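The following report describes helix packing, strand pairing and the surroundings of selected residues in the structure shown here.

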Amino acid sequence: MRLSRYFLPVLKETPAEAQIVSHRLMLRAGMIKQAGAGIYSWLPLGFKVLRKLENIVHEEQMRVGHIPMLMPTLQPADLWRESGRYDDYGEEMLRIKDRQGRDLLYGPTNEEMITDIFRSHVGSYKDLPLTLYHIQWKFRDEMRPRFGVMRGREFYMKDGYTFDLTQEDALHAYNRHLVSYLRTYERMGLQAIPMRADSGPIGGDDTHEFLVLAETGESEVFYDAQITDLKFGDREVDYESHEACRAVLEEFTSRYARTDETHDEALFAEVPEARRRTARGIEVGQIFYFGTKYSDAMGATVQGPDGKSVPVHMGSHGIGVSRLVGAIIEASHDERGIIWPEGVTPFHAGIVNLKQGDAEADAACEALYAGITALGLDPLYDDRDERAGGKFATMDLIGLPWRITVGPRGLKNGVVELTCRRTGTSEEMPPEDAIARLAKIYAPHRGVLVG
């Protein structure tokens with residue numbers, strides 16, 4: 001993409017309403033625009049990042065055999081009355097009447113809807129296990145929406161639902177999700193720590209939240225410092241194996257890590273004092289096993305091997321896709337702007353032409369643009385007739401991981417400058433070497449479906 005043809009409405013000044021880093025930088029970098037309290041338009045740069053995250057989630061869900069679908073944003077209130085949650089959920093639920101006077105709601109989650117789909121089409125244990133998921137806009141009418149996309153009213157979320165015959169199988173589905181989420185977050189450049197949590201209005205006894213450590217996190221967290229040394233890496237896990245998933249779960253959950261809601265001071269005291277840590281955390285996902293809570297209430301049963309009708313065991317598993325954009329920025333920025341991890345960056349590299357209109361510089365930039373594009377990568381070429389300082393400031397603000405700077409002086413020596421946004425280090429090299437370096441850097445990240 002050529003910047004002269006792109007829609008990137010960057011701001012020089014920080015809007016007064018932005019209270020945290022991610023909100024400030026998303027507004028300044030032209031990623032979002034507020035449409036109403038807690039409701040945002042996702043402008044092209046922000047939308048590209050959102051799609052990158054969405055695609056990673058899809059890939060990792062399908063890797064473990066989960067099946068994508070799409071449910072409606074508006075749901076019949078009668079389904080929620082069946083489960084008993086219509087009145088219990090509280091004022092966060094946006095309740096609506098249509099022109100016929102029927103009660104609807106803008107879904108904050110989909111346990112009732114998916115249970116109704118299941119009971120309509122599945123009747124035998126032979127159709128289990130089953131995991132269905134979707135990524136969809138949701139709405140919760142927060143009393144005090146704030147912090148940009150971190151606590152908005154409208155948000156983009158992956159929610160998946162598991163159906164199993166037995167508790168043992170359902171807990172395997174729970175463990176499988178926890179393991180797949182570890183891989184998902186690492187692909188996004190994040191370390192999200194699974195912490196024992198409270199189930200809230202969804203219910204159930206088994207639940208973990210995934211939290212990213214950040215100073216602006218809303219939750220106080222308590223953890224054993226050893227947990228931050230754990231990496232999922234490129235290990236291959238047999239997701240069908242109960243033992244393999246349980247082993248990874250135990251590796252990542254055996255050390256103390258809890259939110260303030262479930263913190264146990266006595267258990268925390270058993271951690272060696274040198275390893276005890278308290279910090280702030282941002283929730284980016286949560287998994288639940290809630291047994292037969294919804295299947296009992298809504299009649300979601302199957303015929304078991306003995307011919308008797310039994311309620312299915314269920315779980316739900318969510319990832320806050322739009323919230324993740326803010327969380328990544330909170331975890332990865334500096335005083336100049338965003339620093340995107342390579343796996344989620346909106347553009348893979350920026351090309352800065354220091355002397356637009358110079359025949360040699362223009363030709364070199366065009367050749368770099370073509371060479372990077374030929375790799376299947378997506379460069380952003382700043383071809384504007386702007387001063388160099390302004391071009392560098394824009395690139396730093398929007399946070400592309402790599403920048404190639406092209407100028408007449410370097411070209412006389414046959415080199416361009418490749419700069420790493422995270423470290424600030426620069427290296428001069430021939431243009432073809434810069435292209436080759438990018439190819440090597442992005443080789444591990446080529447799985448994302450949409451650029």
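In this predicted model, helix H1 (residues 21–28) packs against helix H9 (residues 321–331) at an angle of about 105°, and their axes are 8 Å apart. Since angles of 65 to 115 degrees count as roughly perpendicular, H1 and H9 are therefore described as roughly perpendicular to each other. On the H1 side the contact involves Val21, Ser22, Leu25 and Met26, which meet Val325, Gly326, Ile329 and Glu330 in H9. Sorted by class, this contact of H1 with H9 has 5 nonpolar, 2 polar and 1 charged residues.

H1 is mostly covered, with 6 of its 8 residues buried; these are Val21, Ser22, His23, Leu25, Met26 and Leu27. The cover over the buried residues of H1 includes, besides H9, helix H11 as well as strand S1 (32–36), strand S2 (39–42), strand S17 (333–334) and strand S18 (337–338). Just after H1, Gly30 takes a positive phi of about 70°.

A second helix pair is formed by helix H2 (residues 44–63) and helix H5 (residues 167–187), which pack at an angle of about 145° with their axes 10 Å apart. The crossing in which H2 passes H5 is right-handed. From H2 the contact draws on Ile56, Val57, Glu59, Glu60, Gln61 and Arg63, and from H5 on His177, Ser180, Tyr181, Arg183, Thr184 and Arg187. By class, the contact of H2 with H5 has 3 nonpolar, 4 polar and 5 charged residues.

One residue of this contact can be followed further. Thr184, which lies in helix H5, counts as buried because its relative accessibility is 1%, the cut-off for burial being under 20%. When residues up to four places away in sequence are not counted, Thr184 touches Ile56, Val57 and Glu60, and also Ile319. Ile56, Val57 and Glu60 are among the H2 residues that make the contact with H5, whereas Ile319 belongs to strand S16 (residues 313–320).

The strand pairings described in this report are set out in the table, each with its sense and its number of bridges.

| Strand pair | Sense | Bridges |
|---|---|---|
| S4 and S6 (residues 103–106) | antiparallel | 3 bridges |
| S7 (residues 130–139) and S8 | antiparallel | 10 bridges |
| S8 and S16 (residues 313–320) | antiparallel | 8 bridges |
| S19 (residues 349–353) and S20 | parallel | 4 bridges |

An open sheet of 3 strands has the order S4-S6-S5 and antiparallel pairing. Strand S4 (74–76) and strand S5 (94–97) stand at its edges, and each has a single partner strand, so that one side of each is left without a neighbour in the sheet. From one strand to the next, the twist averages 35°. In the pairing of S4 with S6, Gln75 stands opposite Leu105 of S6.

Strand S8 (residues 154–164) pairs with S7 and also with S16. S8 is mostly covered, since 10 of its 11 residues are buried. In the pairing with S7, Trp137 stands opposite Tyr156 in S8, while in the pairing with S16 the bridge partner of Phe163 is Met314.

In a regular strand the side chains alternate between the two faces of the sheet. In strand S20 (residues 379–382), Pro379 and Tyr381 point one way and Leu380 and Asp382 the other way, and all are buried. S20 pairs with strand S19 in the parallel sense, and Ala349 stands opposite Pro379 of S20.

The loop between S20 and helix H11 (388–398) holds Arg384. With a relative accessibility of 23%, Arg384 counts as partly exposed. Leaving aside neighbours within four places in sequence, Arg384 is in contact with Leu3, Ser4, Gln356, Gly390, Lys391 and Thr394. Arg384 and Glu251, which are 133 residues apart in sequence, lie 51 Å apart in space, C-alpha to C-alpha.

Terms used: Residues are numbered from 1 along each chain as its sequence is written. This is a predicted model: local features need pLDDT of at least 70, side-chain atom pairs count only at pLDDT 80 or more; totals for chains, interfaces and linings use all residues. Side-chain values use heavy atoms; hydrogens and water are left out. Axes are lines fitted to C-alpha atoms, for helices over the stretch in contact, and angles run from 0 to 180 degrees between N-to-C directions. Helices (H or I, at least four residues) and strands (E, at least two) are DSSP runs, numbered from the N terminus. A crossing is left-handed if the near helix is turned anticlockwise from the far one by less than a right angle, and right-handed if clockwise. Contact means heavy atoms within 4.5 Å. Ala, Val, Leu, Ile, Met, Phe, Trp, Tyr, Cys and Pro count as nonpolar, Asp, Glu, Lys and Arg as charged, and the others, Gly among them, as polar. Angles under 35 degrees count as roughly parallel, over 145 as roughly antiparallel, 65 to 115 as roughly perpendicular and the rest as oblique. Two strands pair if DSSP finds at least two bridges between them. Buried means under 20% relative accessible area, exposed over 50%, partly exposed in between (1.4 Å probe, protein chains only).
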